[in-house]
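Subject: Structure handover

Hi,

Here is the structure for you to look through. My notes follow below it.

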Amino acid sequence: MHTEVVGQFDRVAALIGLDDNVADRLRRPQKSTVVSFPFRHDNYSEVETLMGYRVQHLTTMGPTKGGIRFAPDVDLGEVAALAMMMTWKCSIVGVPFGGAKGGVRVNPIELSRAELQRVTRRYTMEIINVIGPDTDIPAPDLGTNEQVMAWLMDTYSQHVGHAVPAVVTGKPPALGGSIARREATGRGLMFLVPQAARVADLDPAGATVAIHGFGNVGRYAAVAGEQQGAKVVAVSDISGAIYNEDGLDVETVGKWVDENRFLEGYTDADFITGDEIFTLPVDILVPAAIQNVITEQNAPDIKAKIIIEGANNPTMLAADDMLRERGVFIVPDILANAGGVTVSYFEWVQDVQKYFWTENETVARLREIMTRAFDDVHSIAVNEGVDMRTAALIKGIRKVADAKLVRGIFP
Ligand code: NAD
């Protein structure tokens, strides 16, 4: 993933004639922390050594910001790539953060609640000197959730001796988490459907949607899609996918997952493989699980007219080219899933000011920022004759480069 993300940056840097010195600086993260730590399993005799990472890509414009993922294959390259993407994402939506990302190489599905808590607290202690409300603020990502953020906040607060809600976002509202943060990423990307539909000449009312992933992003994208009048016909998780061409009842599916953890066994739909979801006859495809799932192999069979990337890096570059040539309109990850960091920014502002907003205020501001970011990126795409991914990168990179140049070099 790192090669693809840096490759995209290099391509756009050359396209916009970015100063070589600035380009070279932006290619590398400013700080990378790699830790290993012991983790005791519930059966006390088994102790495993886990790898953890926190990468801060850019500290020029404010604190760094980015999620923490718990996944069995996460490594330094992946985290560094995601940290760079976070920089562009923050820049696109205009929030005053640089990008960061963290991860622990562990399979969260295999952990008990007590084990998950021990991994979280020990990892937090290992990176405690590089995070903080004014330096680097984590958030949830793949395999982590509100509860994990609450344990992180508690561990940090115990360490400094007083409660510091602003050290992390995506916390439960009881601890200073923002109302509507949980839904923010999925809802934010669905706010873009009417604009994307206009470009792709599609009627959004009754448009059919398939969503790969039914976690934080996928589930709330499904909820928002249904609320906006789209027909969500398929969703997937790690156990497989469910498909009902007449439309799924998203609330019932959500309740099923709350009670049974996985989609497998859900009755009011056909059970298909997770991979089959990509080639269903739908109008809109939302990859919202893991990276590199839209490939040269499945791209020719994708029937959707619009792809809105909820996950980070779901589309491999070769597939991206193939889909664009076929006229599929792709709303790229750094724009489409920026609703998460936008409401994370709102949460941090509320925590710092100790003044909390209503749901209506939060959602209205999210909608305004997402739809404006889409229009800005689309204008660049039209004016400069480039695709939306390139346009989003142009917008993200230009602002950061300008900030770097005016700050100058120390000493
Ligand atoms: P999550 O852990 O809440 O949900 C992940 C979903 O993907 C689950 O349904 C899970 O079963 C499924 N999944 C996991 N591994 C899989 C595999 N190997 N094959 C198929 N399906 C698999 O994670 P999330 O927070 O929804 O994040 C999903 C994606 O969205 C990630 O790429 C993440 O970086 C990105 N993202 C998340 C946020 C956020 O606010 N949470 C914001 C921006 C981007």
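Start at the ligand: one of its oxygen atoms has a polar side-chain atom of Asp141 at 2.7 Å. Please keep in mind that this is a predicted model.

**Around the ligand**

Two other polar pairs are worth a look. Phe214 takes part through its backbone, where a polar atom is 2.9 Å from an oxygen atom of the ligand. Asn312 uses its side chain instead: an N or O atom there is 2.9 Å from a ligand oxygen atom. How much of the ligand's accessible area does the protein cover? The answer is 82% of the 830 Å² that the ligand has on its own.

The shell around the ligand holds 22 residues. Asp141 is among the closest, along with Gly143, Thr185, Asn216 and Val217. By type, the shell has nine nonpolar residues, nine polar ones and four charged ones.

**Strand E7 and its partners**

E7 spans residues 231-237. Six of its seven residues are buried, and the strand is mostly covered. It has a parallel partner in E6 (residues 208-212), with four bridges between them. To find the register, look for Val209, which sits opposite Val232 in E7. Between E6 and E7 the chain passes through helix H8, residues 216-227. Is that β-α-β crossover right-handed or left-handed? It is right-handed.

E7 also pairs with E8 (residues 240-243), this time antiparallel, again over four bridges. Here Asp237 faces Gly240 of E8. The two strands make a hairpin, and two residues lie between them.

**Strand E4 and its partners**

E4 covers residues 98-105. This strand is mostly covered too, with seven of its eight residues buried. Which way does E2 run relative to E4? E2 (residues 47-56) is antiparallel to E4, and five bridges join the pair. Arg54 is opposite Gly102 of E4.

E3 (residues 64-71) pairs with E4 in the parallel sense, over six bridges. In that pairing, Thr64 stands across from Gly98 of E4. Helix H3 (residues 76-93) joins E3 and E4 in a β-α-β unit, and this unit is right-handed.

**Where to look**

For the ligand, begin with Asp141, Phe214 and Asn312, whose polar atoms are 2.7 Å, 2.9 Å and 2.9 Å from ligand oxygen atoms. For the strands, begin with E7, where six of seven residues are buried, and E4, where seven of eight are.

Best wishes

Notes:
Residues are numbered from 1 along each chain as its sequence is written. This is a predicted model: local features need pLDDT of at least 70, side-chain atom pairs count only at pLDDT 80 or more; totals for chains, interfaces and linings use all residues. Side-chain values use heavy atoms; hydrogens and water are left out. A residue is near a molecule or strand if one of its heavy atoms lies within 4 Å of it. A polar contact is a pair of N or O atoms within 3.5 Å; within protein, one must be able to donate a hydrogen and the other to accept it, and residues adjacent in sequence count only if both atoms are side-chain atoms. Accessible areas come from the Shrake-Rupley method with a 1.4 Å probe; for residues, only the protein chains shown count as cover. Ala, Val, Leu, Ile, Met, Phe, Trp, Tyr, Cys and Pro count as nonpolar, Asp, Glu, Lys and Arg as charged, and the others, Gly among them, as polar. Buried means under 20% relative accessible area, exposed over 50%, partly exposed in between (1.4 Å probe, protein chains only). Two strands pair if DSSP finds at least two bridges between them. A crossover is right-handed if, with the strands pointing away from the viewer, the path from the first strand over the helix to the second runs clockwise.
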